[in-house]
Amino acid sequence: MRPIRVSLILLIALSFNALAGTGSNAREAVFVGNNWEGMIDVIDAETYERIGRINGIPDRRKRLREIIWRPDKLFFFQVVRHLIGEGNDQYVDDMYSTRDGKLLIVSRPSFADVVAIDIATNRIVWRFEVEGYRSDHMALSPDGTEVAVSASTGKVVHILDVRTGKERGRFPTGDSPHENVYSKDGKKIYHASIGHVFTLADRGGTQGYQGKPHLQGG
């Protein structure tokens with residue numbers, strides 16, 4: 001058997017009503033996203049067999065054309081590739097399915113956006129561009145109606161409606177907003193900003209250049 005070379009992989013396990021919809025065909029699944037490639041494998045949560053694949057970047061050509069014609073976007077696209085991505089683009093970060101299993105919400109760092117992909121058709125239903133030039137980690141609210149997504153260079157967290165992609169709210173953060181966690185009742189979001197940990201300053205001796213890490217709740 002030939003060895004399989006795997007790029008950086010980001011994995012999140014979620015429940016969704018699988019390919020055929022609801023009823024007897026419903027099953028639990030795991031979404032496994034290849035951050036560098038942009039493809040998402042759908043794995044049966046019980047058998048661990050692959051039951052489908054989703055393209056997380058069906059609009060890649062369009063997005064790249066937009067980036068090429070914007071010097072500021074092109075600069076940060078390269079920054080994401082060579083610093084944070086260690087020589088690779090970052091196309092799939094966090095993923096959450098909607099409760100009915102119809103949509104997969106995906107944050108895409110290199111494209112600085114969040115999209116909702118129709119699981120059955122692989123078409124993008126909505127797209128939200130975050131502040132700045134890179135999207136990062138998300139959190140799904142306990143009731144499944146919204147996601148909180150960090151905008152790395154925008155120093156803000158957006159609260160988005162999962163059905164429409166419309167912004168319900170936002171709050172400011174420290175440098176490099178990163179992790180978001182909802183409280184059990186969904187009334188609070190605990191947020192961590194991690195500073196500029198992807199720079200050479202992170203190797204020690206130059207703490208003043210790492211920005212301001214910050215932990216907040218509200």
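Reader: What relative accessibility does tyrosine 133 have in this structure?
Author: Three classes are used: buried stands for under 20% relative accessible area, exposed for over 50%, and partly exposed for values in between, with a 1.4 Å probe and protein chains only. Tyrosine 133 counts as partly exposed because its relative accessibility is 25%.

Reader: What kind of model is this?
Author: Residues are numbered from 1 along each chain as its sequence is written, and side-chain values use heavy atoms, without hydrogens and water. Local features need pLDDT of at least 70, side-chain atom pairs count only at pLDDT 80 or more, and totals for chains, interfaces and linings use all residues, for this is a predicted model.

Reader: How many aromatic pairs does the structure hold?
Author: Rings of Phe, Tyr and Trp (its six-membered ring) pair if their centres lie within 6.5 Å; planes under 30 degrees apart are stacked, over 60 edge-to-face, and the rest tilted. By this rule, the number of aromatic pairs in the structure is three.

Reader: What is the angle between the planes of phenylalanine 76 and tyrosine 133?
Author: Phenylalanine 76 belongs to helix 2 (residues 71–84), while tyrosine 133 lies in the loop between strand 8 and strand 9 (135–140), 57 residues apart. Helices (H or I, at least four residues) and strands (E, at least two) are DSSP runs numbered from the N terminus. The pair is stacked, with 4.2 Å from centre to centre and an angle between the planes of 5°.

Reader: Which residues form one aromatic cluster?
Author: Phenylalanine 76 counts as partly exposed because its relative accessibility is 26%. The cluster is formed by Phe75, Phe76 and Tyr133.

Reader: Why is the pair of tyrosine 91 and phenylalanine 111 tilted?
Author: Tyrosine 91 is in the loop between helix 2 and strand 5, and phenylalanine 111 is in the loop between strand 6 and strand 7 (113–118), so the pair ties together parts 20 residues apart in sequence. Both tyrosine 91 and phenylalanine 111 are buried. Their ring centres lie 5.2 Å apart, and the pair is tilted because the planes stand at 45°.

Reader: Which strands stand at the edges of the sheet with the order 5-6-7-8?
Author: Two strands pair if DSSP finds at least two bridges between them. The four strands form an open sheet with antiparallel pairing. One side of each edge strand is left without a neighbour in the sheet because each has a single partner; these are strand 5 (95–97) and strand 8 (124–129).

Reader: Which residue is the bridge partner of methionine 95 in strand 6?
Author: Strand 5 and strand 6 (residues 103–108) run antiparallel and are joined by three bridges. In strand 6, methionine 95 has as its bridge partner valine 106.

Reader: Which side chain makes a polar contact of 2.8 Å with that of threonine 98?
Author: Threonine 98 lies in the loop between strand 5 and strand 6, and it counts as buried because its relative accessibility is 2%. A polar contact is a pair of N or O atoms within 3.5 Å; within protein, one must be able to donate a hydrogen and the other to accept it, and residues adjacent in sequence count only if both atoms are side-chain atoms. The contact of 2.8 Å joins threonine 98 to the side chain of aspartate 100.

Reader: Which residue stands opposite methionine 39 in strand 4?
Author: Strand 3 (residues 39–44) and strand 4 (residues 50–55) run antiparallel and are joined by five bridges. Opposite methionine 39 in strand 4 stands asparagine 55.
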